[in-house]
Amino acid sequence: MTPAKKSAAVSKNPKDYCITTIGSHSALQILKGARDEGVPNLAICKRGTERVYKSFGVADEILLIDDWSEWETKVEPELIKRNAIIIPHGSFISYLGHERVQKMQSMYYGTKEILEWESNRTMERQWLLSANILMPRVFEKPEDIDCPVIVKFHGAGGGFGYFVVRSAEQFYEVKNRKYPDENDFNIQEYIIGVPLYIHYFYSPITGELEIMSFDKRYESNADSIGRIKAEDQLAAKIHTSYTIVGNIPLVVRESMLPEFFEMGDRVIKASRTLHNTKTGERLKKGLFGSFCLETIVTRKLQTFVFEISARIVAGTNPFIEGSPYTALKYTVPMSTGRRIARDIQQAIKQGRLEEILG
Ligand code: AMP
């Protein structure tokens, strides 16, 4: 046991802890959520980004660093000293990498091993298919393409460089012209429908799965191409990119909610059958906390999941004051950041912190 975990098991007072994350992504709602739930917070900011957290007044304290390489030497000892519990978000994982996250000694909300399943397309697919989730077909090689496909390069930052083609010939034409040196790609059936991001929360403390909210993304240039007529798009040789700029809140047809709850249940259940790839040990706690199924819904109302995010997504950011769904369930404005803080706060008070640490 790390020193932090030892003392965590002792105190049942939320004030003896601190909720922390890196200043980016969804940190504003995480920090505010901690404060609203009576848990002190700490923002870890790369020098030059702290203005945001000062200006909005959500950080109790700010720890400034010059480089992420200082994490182990400067940040971790500080976190352990403060009994800090880390909330991972998308930028947290992309700045530090899941290998480094696995080695962290500080308290961490969530199951760390899940990150590997989420970040590896093959493992992610195995997990979701075992949960009986509908997914776009994947083509092993360009010669197999027999419908419109979206080609994603591994590690393509925020959907930049994806392209859509409908034959092997077109595939090689675009790839050889624009990405001659890229060989790590994934060819997925292009699903024609509307994107929908389902934000879930599962608490091991209450044993309940909640739907927190929904969003769709505002992507450049995919969301603006329709403003130009097709022949001008062709003339200007515009290629679609999916660089995320922001998130737009949504509510869905109420009749779709039962299916969405069931999808979430199945993904959680299947996550408990996954294993640690190094030790082979089963991930008994499985997936918990905040997660998101990234879907495309077709005109026949089939919901295809093209990705899972096993942590808080930035699509929850429009709901700092809660969503139409959390307004039904809670008497206070409940953001996903606050919901996480509440889980931690309840776990501390009930002496069950170990159940939510990975
Ligand atoms: P991603 O980087 O995987 O989150 O995808 C970026 C964007 O590409 C998403 O917002 C979707 O609009 C679109 N997209 C990804 N996969 C598919 C797919 N299989 N079919 C249709 N659109 C997709």
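This is a guided tour of a predicted model, moving from its sheets to its pockets, cavities and salt bridges.

**The parallel sheet.** Begin by selecting the 5 strands that form an open sheet in the order 3-2-1-4-5, where the pairing is parallel. At the edges stand strand 3 (61-65) and strand 5 (107-108), and because each has a single partner strand, one side of each is left without a neighbour in the sheet. To look at one of these edges in detail, select strand 4 (residues 84-86) together with strand 5, which run parallel and are joined by 2 bridges; isoleucine 85 has methionine 107 in strand 5 as its bridge partner.

**The antiparallel strands.** Next select strand 10 (residues 194-203) and strand 11 (residues 208-221), which pair in the antiparallel sense over 7 bridges. Phenylalanine 201 finds its bridge partner in strand 11, at glutamate 210. The hairpin that these two strands make has 4 residues between the strands, and glycine 207 takes a positive phi there, near 75°. Adding strand 12 (residues 242-250) to the selection shows the other pairing of this group, since strand 11 and strand 12 run antiparallel and are joined by 8 bridges; here aspartate 215 has proline 249 in strand 12 as its bridge partner.

**A nonpolar patch and a pocket.** Now move to the loop between strand 9 (185-189) and strand 10, where isoleucine 192 is found. Isoleucine 192 is exposed, because its relative accessible area of 63% lies above the 50% cut-off. With Val164 and Tyr190, Ile192 forms a nonpolar patch on the surface, and together the three have about 280 Å² of accessible area.

Keep Val164 selected and turn to the second largest pocket, which has a volume of about 540 Å³. Of the 18 residues that line this pocket, Val164, Leu234, Ile238, His239 and Thr240 are the closest to its centre. Strand 8 (163-165), helix 9 (168-178) and helix 10 (230-235) each supply at least two residues of the lining, and the largest share, 4 residues, comes from helix 9.

**The enclosed space.** A search of the whole structure finds 2 cavities of 30 Å³ or more, and about 150 Å³ of space lies in the largest cavity. To find this largest cavity, select Tyr109, Gly110, Phe288, Ala310 and Arg311, which lie nearest its centre among the 17 residues that line it. Helix 7 (114-119) and strand 13 (289-297) are the elements that give two or more residues to this lining.

**Salt bridges.** The structure holds 22 salt bridges, of which three are shown here. Select glutamate 37 and arginine 338, whose closest N and O atoms are 2.7 Å apart in a salt bridge. This pair links distant parts of the chain, with glutamate 37 in the loop between helix 2 (27-36) and strand 2 (41-46), and arginine 338 in helix 13, 301 residues apart. Both glutamate 37 and arginine 338 are buried.

Then select glutamate 78 and arginine 82, whose side chains meet in a salt bridge at 3.1 Å, N to O. Glutamate 78 is buried, with a relative accessible area of 19%, whereas arginine 82, at 22%, counts as partly exposed. Widening the selection to Lys32, Asp36, Glu37, Arg338 and Arg342 shows one network, joined by salt bridges that share partners. The third pair is lysine 74 and glutamate 70, with the closest N and O atoms 4.0 Å apart.

**Last stop.** Finish at glycine 358, in the segment after helix 13 (336-349), which lies 8.4 Å from lysine 285, C-alpha to C-alpha, although the two are 73 residues apart in sequence.

Note on methods:
Residues are numbered from 1 along each chain as its sequence is written. This is a predicted model: local features need pLDDT of at least 70, side-chain atom pairs count only at pLDDT 80 or more; totals for chains, interfaces and linings use all residues. Side-chain values use heavy atoms; hydrogens and water are left out. Two strands pair if DSSP finds at least two bridges between them. Patches are made of residues with over 30% relative accessible area and no salt bridge: like charges are joined within 9 Å, nonpolar side chains (Val, Leu, Ile, Met, Phe, Trp, Tyr) within 5 Å. Accessible areas come from the Shrake-Rupley method with a 1.4 Å probe; for residues, only the protein chains shown count as cover. Buried means under 20% relative accessible area, exposed over 50%, partly exposed in between (1.4 Å probe, protein chains only). On a 1 Å grid over the protein atoms alone, a cavity is a set of points where a 1.4 Å probe fits but cannot get out, and a pocket is an open set with protein on both sides within 12 Å along at least five of seven lines; lining residues have an atom within 4 Å of a point. Grid points are joined across faces, edges and corners, and a volume is the space filled by probe spheres set on the points.
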